[in-house]
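Below is a short briefing on selected elements of this structure. Keep the 3D view open while reading.

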Amino acid sequence: MLSEVRFDGVHKIFGAETAVEDLNLTVNAGEFLVLVGPSGCGKTTTLRMLAGLERPSYGRILIGDKLVNNVSPRFRDVAMVFQSYALYPHMNVYDNLAFGMRARGASKDLVAQRVKETADVLGLGKLLKRRPSELSGGQRQRVALGRALIRQPQVFLMDEPLSNLDAGLRVQMRAELSRLHQRFRVTTVYVTHDQVEAMTMGDRIAVMNNGRLQQVDAPETLYDNPANVFVAGFIGSPRMNFVPGRLASSDGRTSVAFLGITTPLGTGSRLTAGASDGEVTVGIRPEDLMWRPAAGPDCTLTLSADVDVVEPMGHEAYVTALCAGETVTSRFPPRSGVRPQERVDLALNPARLHLFDAQSGITILQRPPAAGAETLRSVGEARTNDSAGGRSERHGQPEARRVPSRTEEIS
Amino acid sequence: MSAVQARPLAGDKLIVVPYRKVSAAAMATNLVLILLGCFFLLPMLWMVFASIDSNPDWAIRIPSPTLANFADVLGRADALSSFRSSLILAGTTTVLTTLLALLSAYPLSRMHIPFKRPFMLVILFASGLPVSMLVVPVYQMYVYLGWLDSLYTTALFLAASSLPFAIWLMKNFIDAVPVELEHAAAIDGASTFRILREVVLPLTVPGTAVTAIYTFINAWGAFIIPFVLTYSPDNQPGPVEIYNFMGSHGLFKFGDLAVFSLLFSVPVIVLYLFMSRYFSGAFNFGGAVK
């Protein structure tokens, strides 16, 4: 039973504060949508409205074809995993799992059968007699997940379910959640503030900030073509470098000047808005800003910079440097031997630049569709993995434990 | 003080006990506490000794043991009927107070109510009012209503006077039950009634027990309200009876007084021990929310 979820002009206003503003969002049937943003951006409020714990101030929320604005949580046929798990402390695991089915009047035999199935899926078989206080964090997490799974609801809601786990367990559960979703294909809305979770788990990612939806796209699209400065800065770690720049046009070609250099826009790229002259914000991802000796032939631009801090990560190093008065972060190979105060040459592929309107922060550069992929391949060894994989690696997770992300399967 | 010692306890549980360091400050603290304890314990010691002394008086001394005092008190009809009265009075008060406190504390804890904070402060203020202040107008009211000299109507006023504090107590206990559990149950498809019965009530049992026991102990020892509102000998609860022991015939029967006081404090001591267990161990929502 796959249902789509639709937010139609939804607002949520608490007193003088607007938590969610004019949200229009469709979660496709069977999709894993990640709602991501900094704390207080309205993502949890959105989820709670979908669960029925909050009522939207304006707008409509639909699950399937059914308008649910005034439907109590009880009758929405959604299941939710809470950040705190919210297990019933006075019941054992069996009763925790069975509670929802019993509340819906399922027969004893059916309950027993489904509890067994669910416990098997999650490896809880030996723990059924235990109370939540006798479980480890990861086991509690599984019980919370099982309580949602057992009901076979139309929609899964997850509110930062992994944030209370330690790092190792978090990676493991991330994989497990992805596996479960691939197996059951239930429409899922997953709230997190962790962009790694968003990138690795989501079919699509919806980025929110200040109660407003910023962009909804597949992880790679979001990463390669962020709609505005906020999305560009939020997705990707370390954060994208932003430096002031200036557009100028001569002979019908537009070029951009920044960090003391000037470069024409890549062939096929075109400006979507604004005049061709004016202030812009130039965005450069740290992995696009490389050490000259390690850079490929596409990196035609060279910048001179003074190293400030070197952060070795083992398989690579991040170097913060001062370049034409701006602090920029760049990715170096490991053991480059570069030291603070040293002057280095940085290399940059002009096709990888991001341009944003300096005032509104909205992207003004439209790249040819293939440009991103081409660059990916040409950079070669630096970016062997898909973007999601490359990133999770950077966070120090062993490759073997990683979730096979959807991109890898496709490619 | 990093040294710890692992002591095996019942079953497989290990309890880690840090070594104690005896410092001058700790000794001084203990000395003061022992001194204060003596102040409270000496009267009780007198009570115990006098109860089994064949010829007790004001002094605390090693008794010449006898059970005559016990036989004497247990043979007195008024002593036994005062136990019955106290039981009715405190029992009725406890049931009324606990039930009403639970019902009013739940919405106060969970729902958005306008002016909730000022309302709670008024309740707190009311719980601090001395009842003796109210005794005269209440007496007049009871005369007017024809409610005097009944244990049940007296319990009504006792319940009213203990209710404010009980509501505060209950509200805090319900506050401690994570509201997310109720949300989870609602999303799980449970009705409001089912949520209350299967999630909220089981988790507030310790709090309800503490409120009930606290109310019972207070009502058990209440003196001035029953003293004013009841008069027939059959309706005199224990504390009033003790007063009668002391002043009835111009002479003190120390032995009887001590025995009665001793017997009368037994329920309180038992309940207190029971409550302290609840206070220390029962508030465990472990595993509910991280």
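Which residue in β2(A) is the bridge partner of F7(A)? The partner is L25(A). The model is predicted. The points below take the four-stranded sheet of chain A, then a helix pair, a hairpin and chain B.

**Open sheet in chain A**

- Four strands of chain A make an open sheet, and their order is β2-β1-β4-β5.
- Pairing in this sheet is antiparallel.
- β2 (17-27) and β5 (66-67) of chain A are the edge strands. Each of them pairs on one side only.
- Strand β1 (residues 5-14) of chain A pairs with β2(A) over seven bridges, in the antiparallel sense. The F7(A) and L25(A) partnership links to β2(A).
- Helix α1 (residues 43-51) of chain A lies across three strands of chain A: β1, β2 and β4 (58-63). The helix runs at about 115 degrees to β1(A).

**Helix pair in chain A**

- Helix α2 covers residues 93-103 of chain A, and helix α3 covers residues 108-122 of chain A. The two pack at an angle of about 130 degrees. Their axes are 10 Å apart.
- Why is α2(A) oblique to α3(A)? The pair counts as oblique because its angle of about 130 degrees lies outside the roughly perpendicular range of 65 to 115 and is not over 145, where roughly antiparallel begins.
- The crossing of α2(A) past α3(A) is right-handed.
- On the α2(A) side, the contact is made by Y94(A), L97(A), A98(A), M101(A) and R102(A). On the α3(A) side, L110(A), V111(A), A112(A), R114(A) and V115(A) take part.
- Eight residues of this contact are nonpolar, two are charged and none is polar.

**Hairpin in chain A**

- Strand β9 (residues 204-209) and strand β10 (residues 212-217) of chain A pair over five bridges. The sense is antiparallel.
- V207(A) stands opposite Q215(A), which belongs to β10(A).
- β9(A) and β10(A) form a hairpin, with two residues between the strands. In the turn, N210(A) has a positive phi of about 50 degrees.

**Chain B overall**

- Chain B has eleven helices and two strands. From the N terminus on, its elements run β-β-α-α-α-α-α-α-α-α-α-α-α.
- Chain B has 290 residues, and 39% of them count as buried.
- Among contacts in chain B with a separation of 6 or more, 68% join residues 24 or more positions apart.

How values were computed
Residues numbered from 1 in each chain as written. Chains lettered and ligands numbered in written order. Predicted model: local features only at pLDDT ≥ 70, side-chain atom pairs only at ≥ 80, totals over all residues. Heavy atoms only, no water. Axes fitted to C-alpha atoms, helices over the stretch in contact; angles between N-to-C directions. Left-handed = near helix turned anticlockwise from the far one by under 90°. Contact = heavy atoms within 4.5 Å. Nonpolar A, V, L, I, M, F, W, Y, C, P; charged D, E, K, R; others polar. Pairing = 2+ DSSP bridges. Buried < 20%, exposed > 50% of the residue type's maximum accessible area, 1.4 Å probe, protein only.
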